[in-house]
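Colleague: I should like to go through this model with you and ask how each term is justified. May we begin with the arrangement of the strands?

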There are 4 protein chains.
Amino acid sequence: MKFSGKTSFRVRYAETDKMGIVYHANYLVWFEVGRSELFRDLNLPYTIFEEQDLELTIIEASCRYRQSAHYDDEITVITRVNIFSRKVTFSYLVYRDSTLLAEGKTVHLFINRQGRVINAHSHPLWQKMQSAIEKREREDS
Amino acid sequence: MKFSGKTSFRVRYAETDKMGIVYHANYLVWFEVGRSELFRDLNLPYTIFEEQDLELTIIEASCRYRQSAHYDDEITVITRVNIFSRKVTFSYLVYRDSTLLAEGKTVHLFINRQGRVINAHSHPLWQKMQSAIEKREREDS
Amino acid sequence: MKFSGKTSFRVRYAETDKMGIVYHANYLVWFEVGRSELFRDLNLPYTIFEEQDLELTIIEASCRYRQSAHYDDEITVITRVNIFSRKVTFSYLVYRDSTLLAEGKTVHLFINRQGRVINAHSHPLWQKMQSAIEKREREDS
Amino acid sequence: MKFSGKTSFRVRYAETDKMGIVYHANYLVWFEVGRSELFRDLNLPYTIFEEQDLELTIIEASCRYRQSAHYDDEITVITRVNIFSRKVTFSYLVYRDSTLLAEGKTVHLFINRQGRVINAHSHPLWQKMQSAIEKREREDS
């Protein structure tokens, strides 16, 4: 089974807009929270990537909005990842209880500290990440 | 020629992140600035829509990131619109001088104050908006 | 002992700026998270206040910044409250482990749905809130 | 007369919250816009400070909220500055037309790229800044 990370949090008042619902750009922030928690869940917090000079730069983001989220709602983000030599794709499902609020996708390239796009396949962290994902997928199946 | 709105502003320090560039979710906010200025440019500021009970709710957003934007950069957003009976689509080009930084698209449904999706074709503002766009397209051609 | 609410969360990448640290305005958002969790902790989530037509509008906010917060830091906000007939004051301490990062204060007036400032002393929720705080202070002492 | 910078912009939809007004933390972002434009107005954009290794780190911020701001309002921020050897203070007035919406203050220390607090009195940019302010105050009087 495909490994997924899962994280939950409350909607902040700051995240709402004058329509009384969550402002749409905040879903992209929630996707980022989903990515961060997925990395932590693999025992590879993204700060380790930064320290070891392997970073991600976003090249695409998209979101489909199904239902509105409101202040103080408890939100759950389910995040899935696919890693390739040069890029990583994430997909996201945003729920309030069993109600799907939104689904999204982001695409990121591997870069080094100088901002140069790199093939990360031989980087030790790429290998660790790949192994950690495979291990979790075996455990979950 | 297809009518487009154009608006410029400086990148705020608040909009940057620890990579030293603009955080990606802010492009969706800039798209919203593009929409607002396009409505104003048609002499139909979005606040008039709100007053006359015709609002837009977003159902899709996407962005492709080409180049990074930095603090204090002067950003220009070019916005184009297509209106239909039940929905409106906008496309956006984000520039720093002649450099294309990002391109995006959003899709919105017409709703009333109760949040109900409506066919806006017979709403006086829908007609005014359509005429204003056509007028501008004739003038620009 | 003075009752305090306590809540913890991770710093989001979105909250950092090009200095590599958390952008200062976000501490005011964290104070709001502190307030929300304090209300929940009293079994009186702020959404109940909204439903029963007793809201808070901010008239003052201040923050002293001691140390920087960084991406992925685990932040704890300790919130204390004082309620009066017409206003509520909150004070906040923001920590990463035992390091004090910032301290702040906000002042809010009670208003009704029409935005009118009111004396809340006789509102049932004011009484409940006062009792809930006193109960917690007895329990904690 | 005391030199002041002045900048205007429209309220973004993203800046509103479910009360239908601008979320209070955004005033601190507006103060930052005020500072940026004041520096530009002195022909010393803040990016020059960054390039020449003289930065500002915030240690205090406060705001008093008088009246609400709404989506699409045209906002004007008037910013005044006082520079000292080790710190800079700014004060801000936020207006919609002639209505004062908020007033605030921030205090910043001079730091170098390593984040170390420094006495900036002998830094060439400190001198230039001081001269530019004095020149503007003579011109304005």
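Modeller: Certainly; please keep in mind that this is a predicted model. A good starting point is a single pair: D:I83 stands opposite D:V88, which lies in strand 4 of chain D.

Colleague: What makes strand 3 and strand 4 of chain D a pair?

Modeller: Two strands pair if there are at least two bridges between them. Strand 3 (residues 74–83) and strand 4 (residues 87–96) of chain D are joined by nine bridges, so the requirement of at least two is met. The two strands run antiparallel.

Colleague: How do you know that strand 2 and strand 5 of chain D pair?

Modeller: The reasoning is that at least two bridges are needed, and ten bridges link strand 2 of chain D to strand 5 (residues 99–111) of chain D in the antiparallel sense. One example is D:A61, whose bridge partner in strand 5 of chain D is D:T106.

Colleague: What joins strand 2 of chain C to strand 2 of chain D?

Modeller: Five bridges do, with strand 2 (residues 55–65) of chain C antiparallel to strand 2 of chain D. Since pairing asks for at least two bridges, five bridges suffice for these strands to count as a pair. Across this pairing, C:S62 has D:S62 as its bridge partner, and C:C63 has D:A61.

Colleague: Why is the sheet called open?

Modeller: The ten strands follow the order 1(C)-3(C)-4(C)-5(C)-2(C)-2(D)-5(D)-4(D)-3(D)-1(D), with antiparallel pairing. Strand 1 (4–10) of chain C and strand 1 (4–10) of chain D stand at the edges with a single partner strand each, so one side of each has no neighbour in the sheet. Neighbouring strands of this sheet are turned by 20° against each other on average, direction ignored.

Colleague: What makes the relation between chain C and chain D a two-fold axis?

Modeller: A rotation of 180° with a shift of 0.0 Å along its axis superposes chain D on chain C, with an RMSD of 0.0 Å. That is why the relation is that of a two-fold axis. In chain D, the C-alpha nearest the axis belongs to D:S62, at 2.0 Å.

Colleague: Which residues form the contact between chain D and chain C, and how do you know that the copies meet through the same surface?

Modeller: Twelve residues come from chain D and twelve residues from chain C; residues count as in contact if their C-beta atoms lie within 7 Å. Strand 2 of chain D gives the most to the side of chain D that touches chain C, with eight residues. By class, that side has eight nonpolar, two polar and two charged residues. Of the interface residues of chain D, 100% are also interface residues in chain C, so the copies meet through the same surface.

Colleague: How is chain C related to chain A, and what makes up their contact?

Modeller: A turn of 180° and a shift of 0.0 Å along the axis lay chain C on chain A with an RMSD of 0.0 Å. In chain C, the C-alpha nearest this axis is that of C:F9, 4.4 Å from it. The contact takes 13 residues from chain C and 13 residues from chain A. Helix 1 (26–41) and helix 2 (46–51) of chain C each supply at least two residues of the side of chain C that touches chain A, and helix 1 of chain C gives the most, with four residues. That side of chain C divides into seven nonpolar, two polar and four charged residues. Here too, 100% of the interface residues of chain C are also interface residues in chain A, so the copies meet through the same surface.

Terms used. Residues are numbered from 1 along each chain as its sequence is written. Chains are lettered from A and ligands numbered from 1 in the order in which they are written. This is a predicted model: local features need pLDDT of at least 70, side-chain atom pairs count only at pLDDT 80 or more; totals for chains, interfaces and linings use all residues. Axes are lines fitted to C-alpha atoms, for helices over the stretch in contact, and angles run from 0 to 180 degrees between N-to-C directions. Two residues are in contact if their C-beta atoms, placed from the backbone, lie within 7 Å. Ala, Val, Leu, Ile, Met, Phe, Trp, Tyr, Cys and Pro count as nonpolar, Asp, Glu, Lys and Arg as charged, and the others, Gly among them, as polar. Copies are superposed by least squares on the C-alpha atoms of residues with pLDDT of at least 70 in both.
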